[in-house]
Amino acid sequence: MASSIENNNEKLTLKSSDGEEFLVEKHVALQSTLLQNMLDSDCSSADVIPLPKIDARTLALVLGYCKKHADASSSKQGELNSFDSEFLKDMDMGALFNLVLAANFMEIKGLLDIAAQKIADTIKDKPHQEVREIFHVENDYTPEEEAAVREENRWAFEGFP
Amino acid sequence: MKRNKRSTSDIISYLPSNVTENILKGLRLRDAVRTSVLSRKWRYKWVTLPELVFNDKFFLEGWDNGKVKAVIYQVLLFHRGPLVKFNLWYPPFESCLDINNWIFVLSTKNIQDFTFYLHGGLRHEIPCHFYSFMQLRDLNLGNCVFKPPPTFKGFGRLVNLDFYRVTISSEMFGLFISSCLQLERLRLRGCTNFRSLEINAPNLKYFDFFGIFESVYLENTPLLAEISVTLGSWDKRPEQDTDIEWAKFFHSLPAIEDMHLDSSILESFDAGNVPERLPSTLNQLKVLVLSDVCYSNLDHVSWALCLLRSSPNLHKLRSSIWNNDITPIEDNITPIEDNVIEFLQAQDFSKFSLNRLREVEIRSFSGAEPEIHFVKILLSHSKVLEKIVILHEHGMCAEKGFAMLKELIRFPRASLKAEFIVSETPDE
C-alpha cells in the first residue's frame with residue numbers, strides 16, 4: 001500500500017528492522033535531524049529509507065511523538081508538555097531503552113531528552129543496589145574495589161547504605 | 001523470546017556515550033556521582049558530565065563551608081573534557097579566593113552557560129581569566145564585580161546576559177554590550193547606579209531593567225520586541241534626578257511588541273507637557289503594562305492616554321494602581337483628582353479608538369473617581385473587548401465594593417460581548 005503513493009513528494013516511507021513500512025508526512029519526518037539531513041542532501045523521497053536498528057513497535061511510537069510535535073503550534077507548549085509526560089507513562093524499561101536509542105539514532109532531541117530524563121528519574125534517590133537490580137547491572141567490583149570507589153566519592157554516598 | 005532476553009540483560013551499561021550523558025545530566029550531581037559504584041564500567045562515566053550544577057539540592061545541611069569547597073574541588077579535579085554548563089547557585093559561603101581557582105580550572109572547558117550567584121556580603125570580583133571564556137552564550141551573575149581587563153573584546157557568542165546586583169562602570173557596560181553582537185536577552189536588576197546606560201545591541205529582543213540610571217540610550221535596538229523598565233532600588237524609590245528624553249526613548253523601539261513601564265519611568269520623562277500622541281506610532285505593540293500608576297496624578301494619566309493613542313494594535317492592557325493611602329498626601333488629594341477629571345473630560349476622544357484591545361486588567365483598584373473615569377473611557381472605546389478584569393484593593397469593604405461595581409457596570413460598553421470580572425487583587 002505504501003508503494004502505491006511513493007511518488008508523493010509530501011510523504012516518505014520508512015522501513016523498520018522487522019520489515020514493516022511506515023508512510024510518513026514530510027513535515028513529521030523533519031522532526032528527525034537524521035531524516036532532515038537525508039532529505040536536504042537530495043536523497044529521493046521516493047526511496048524507502050531503512051532503519052535497521054528500530055523495530056516496528058518502537059518506530060510507531062517515535063512517529064506518534066513526531067506527529068504530535070510537528071502538528072502542534074508553538075503556542076501550545078503546555079499541551080505538548082502534558083502529551084510528553086503521558087507519552088512515557090507506564091512504559092516498561094525495555095521499550096524505553098528502545099525508544100531512547102531510536103531517538104538518538106534518528107536525532108530527535110526532544111524525544112531523547114524526555115526518554116533520558118525518564119530513565120534518570122528511575123535512578124535518582126535509589127540506593128545503588130536497587131539500581132543494579134532494576135537495570136540488571138552486574139557488580140564486577142571486588143569488595144575492596146567497591147569500598148575504594150565509595151571512599152573516592154565519599155561525599156556522594158552520605159545518607160545511603 | 002528475543003525481546004524478553006533483551007529486557008533482562010544489562011542495556012544501560014552499553015548505551016552510546018551521548019545517551020549516557022543525557023541520562024546522567026537528568027540526575028542531581030550526587031546521584032550521577034553515585035553511579036560510579038554500580039560496576040567497573042560505571043566508575044568514570046560521570047566524569048564527562050556535560051553540566052555541573054551546584055545548587056541548594058547539592059549543598060547538604062550539616063556541611064560546613066570547608067566541606068562544600070572540598071567537594072567542589074574534588075568534582076572539578078575528576079571532571080574530564082568540555083563542560084557545556086557550570087552553575088554555582090547561592091553557595092553557603094561568601095566571596096573567597098577558591099572561586100577564582102575554580103574559574104581557572106573551568107577556563108579550559110569551553111563553557112557555554114555560566115551561572116554564578118552569591119548571597120550578600122562582599123561582591124566577588126570576577127577574575128581576569130574569566131574574560132577568556134569565548135564560547136559563552138549564557139551568562140548569569142549575582143553579587144559580583146564585573147571589571148574586564150582593557151584588552152577584553154567582549155563575548156562574541158553571548159546571547160543571554162543576566163546581571164543581578166553586579167557592579168560595573170557605566171562606560172564599561174556600554175562598551176561591553178556593544179561588543180557582544182549576538183546578544184538577544186538582557187536583564188539588569190539592582191546593579192550599579194548607571195550614570196548613562198547605553199545599549200547598542202543590534203540583535204537585542206528582550207530587555208528587562210530594574211535599578212537606577214540617570215539617562216538611557218537605546219542606540220541601536222531595531223529588533224527589541226519586549227521591554228520592561230522599573231526605576232528604583234529594593235530600599236527606596238529613586239532619589240536621583242532621572243531625565244530621559246521620551247521622544248528618543250520611544251523612537252528607539254520600532255519593533256516593540258510588549259512594553260512594561262513603571263510609573264517611575266513615566267515620571268522621569270523630561271518634564272513639560274506630555275504629548276497627546278507619540279511622533280512615531282508603536283505599530284507592533286500588542287501588550288502594554290503600566291505599573292504603579294496613580295490615576296489621580298495628571299502626568300501618569302496623560303502618559304497612559306498618550307500611549308493608548310499611539311498603539312493602534314494593542315491587544316492587552318494591564319495596569320496596577322499605586323494607592324494613595326500608602327503615601328498619604330492628605331492636603332493634596334482632592335484638588336489633584338479634580339484636575340484629572342477635568343483633564344479627562346476635556347479630552348477629544350473623537351479619534352480615539354482601541355480597535356484591537358481584547359483584554360484589560362487593572363490591579364489594586366480603589367474605586368476612586370479618576371480610576372472609574374479611566375475605566376469608563378476604556379469601555380466606551382474598545383469595540384472588540386473580550387474581557388475586563390478589575391482586581392480591587394485588599395480589604396475593600398463589601399458596601400464600597402458593591403457601590404463601585406454598580407457604577408462600573410452601568411457604563412456603556414462599545415463591546416457587548418465583553419466579560420466583566422471583579423475580584424480581589426491576589427497576593428503577588
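Student: Which residues line the largest cavity?

Tutor: In this predicted model, the largest cavity is lined by Ile123(A), Lys126(A), His128(A) and Val131(A) together with Asp31(B), Arg34(B), Thr35(B) and Leu38(B). Helix H7 (128-135) of chain A and helix H3 (29-34) of chain B are the elements that give two or more residues to this lining.

Student: What makes three residues of this lining nonpolar, two polar and three charged?

Tutor: Ile, Val and Leu count as nonpolar, while Asp, Lys and Arg count as charged and residues such as His and Thr fall among the polar ones. The lining includes Ile123(A), Val131(A) and Leu38(B), then His128(A) and Thr35(B), and also Lys126(A), Asp31(B) and Arg34(B). The division is therefore three nonpolar, two polar and three charged residues.

Student: Why is this space called a cavity, and what is its volume?

Tutor: The term cavity applies because a 1.4 Å probe fits at its points but cannot get out. The volume of the largest cavity is about 50 Å³. The search of the whole structure finds two cavities of 30 Å³ or more.

Student: What is the volume of the second largest cavity, and which residues line it?

Tutor: Its volume is about 30 Å³. The second largest cavity is lined by Phe86(B), Leu88(B), Ile99(B), Trp102(B), Ile103(B), Phe114(B) and Phe116(B). Strand E2 (85-89), helix H5 (97-106) and strand E3 (113-117) of chain B each give two or more residues to this lining. The largest share, three residues, comes from H5(B).

Student: How do you know which class the residues of that lining belong to?

Tutor: Phe, Leu, Ile and Trp all count as nonpolar. The lining of the second largest cavity therefore divides into seven nonpolar, no polar and no charged residues.

Student: What is known of the second largest pocket?

Tutor: The second largest pocket has a volume of about 350 Å³. It is lined by 16 residues, and the closest to its centre are Leu27(B), Arg28(B), Leu29(B), Val53(B) and Asn55(B). H2, H3 and strand E1 (51-54) of chain B each supply at least two lining residues. By class, the lining has six nonpolar, two polar and eight charged residues.

Student: Why is H6(A) called oblique to H2(B)?

Tutor: The axes of H6(A) and helix H2 (residues 17-25) of chain B cross at roughly 60 degrees and come within 7 Å. Roughly parallel requires an angle under 35 degrees, and roughly perpendicular requires 65 to 115. An angle of roughly 60 degrees meets neither condition, so H6(A) is oblique to H2(B). The crossing is right-handed.

Student: Which residues meet in this contact?

Tutor: Leu112(A), Asp113(A), Ala116(A), Ile119(A), Ala120(A) and Ile123(A) in H6(A) meet Val19(B), Asn22(B) and Ile23(B) in H2(B). Seven of these residues are nonpolar, one is polar and one is charged.

Student: What makes H4(A) oblique to H6(A)?

Tutor: Helix H4 (residues 77-88) of chain A packs against helix H6 (residues 109-123) of chain A at an angle of about 50 degrees, with the axes 11 Å apart. The angle is not under 35 degrees and does not lie in 65 to 115, so H4(A) is oblique to H6(A). The contact is made by Asp84(A), Phe87(A) and Leu88(A) of H4(A) with Leu111(A), Ile114(A), Ala115(A) and Lys118(A) of H6(A). By class, it has five nonpolar, no polar and two charged residues.

Student: Why are H11(B) and H12(B) called roughly parallel?

Tutor: Helix H11 (residues 369-381) of chain B and helix H12 (residues 398-410) of chain B pack at an angle of about 30 degrees, with their axes 10 Å apart. Angles under 35 degrees count as roughly parallel, and H11(B) and H12(B) are therefore described in that way. Their crossing is right-handed. In the contact, Ile372(B), Val375(B) and Leu379(B) in H11(B) meet Met404(B), Glu407(B) and Leu408(B) in H12(B). The classes are five nonpolar, no polar and one charged.

Note on methods
Residues are numbered from 1 along each chain as its sequence is written. Chains are lettered from A and ligands numbered from 1 in the order in which they are written. This is a predicted model: local features need pLDDT of at least 70, side-chain atom pairs count only at pLDDT 80 or more; totals for chains, interfaces and linings use all residues. Side-chain values use heavy atoms; hydrogens and water are left out. Axes are lines fitted to C-alpha atoms, for helices over the stretch in contact, and angles run from 0 to 180 degrees between N-to-C directions. Helices (H or I, at least four residues) and strands (E, at least two) are DSSP runs, numbered from the N terminus. Angles under 35 degrees count as roughly parallel, over 145 as roughly antiparallel, 65 to 115 as roughly perpendicular and the rest as oblique. Contact means heavy atoms within 4.5 Å. On a 1 Å grid over the protein atoms alone, a cavity is a set of points where a 1.4 Å probe fits but cannot get out, and a pocket is an open set with protein on both sides within 12 Å along at least five of seven lines; lining residues have an atom within 4 Å of a point. Grid points are joined across faces, edges and corners, and a volume is the space filled by probe spheres set on the points. A crossing is left-handed if the near helix is turned anticlockwise from the far one by less than a right angle, and right-handed if clockwise.
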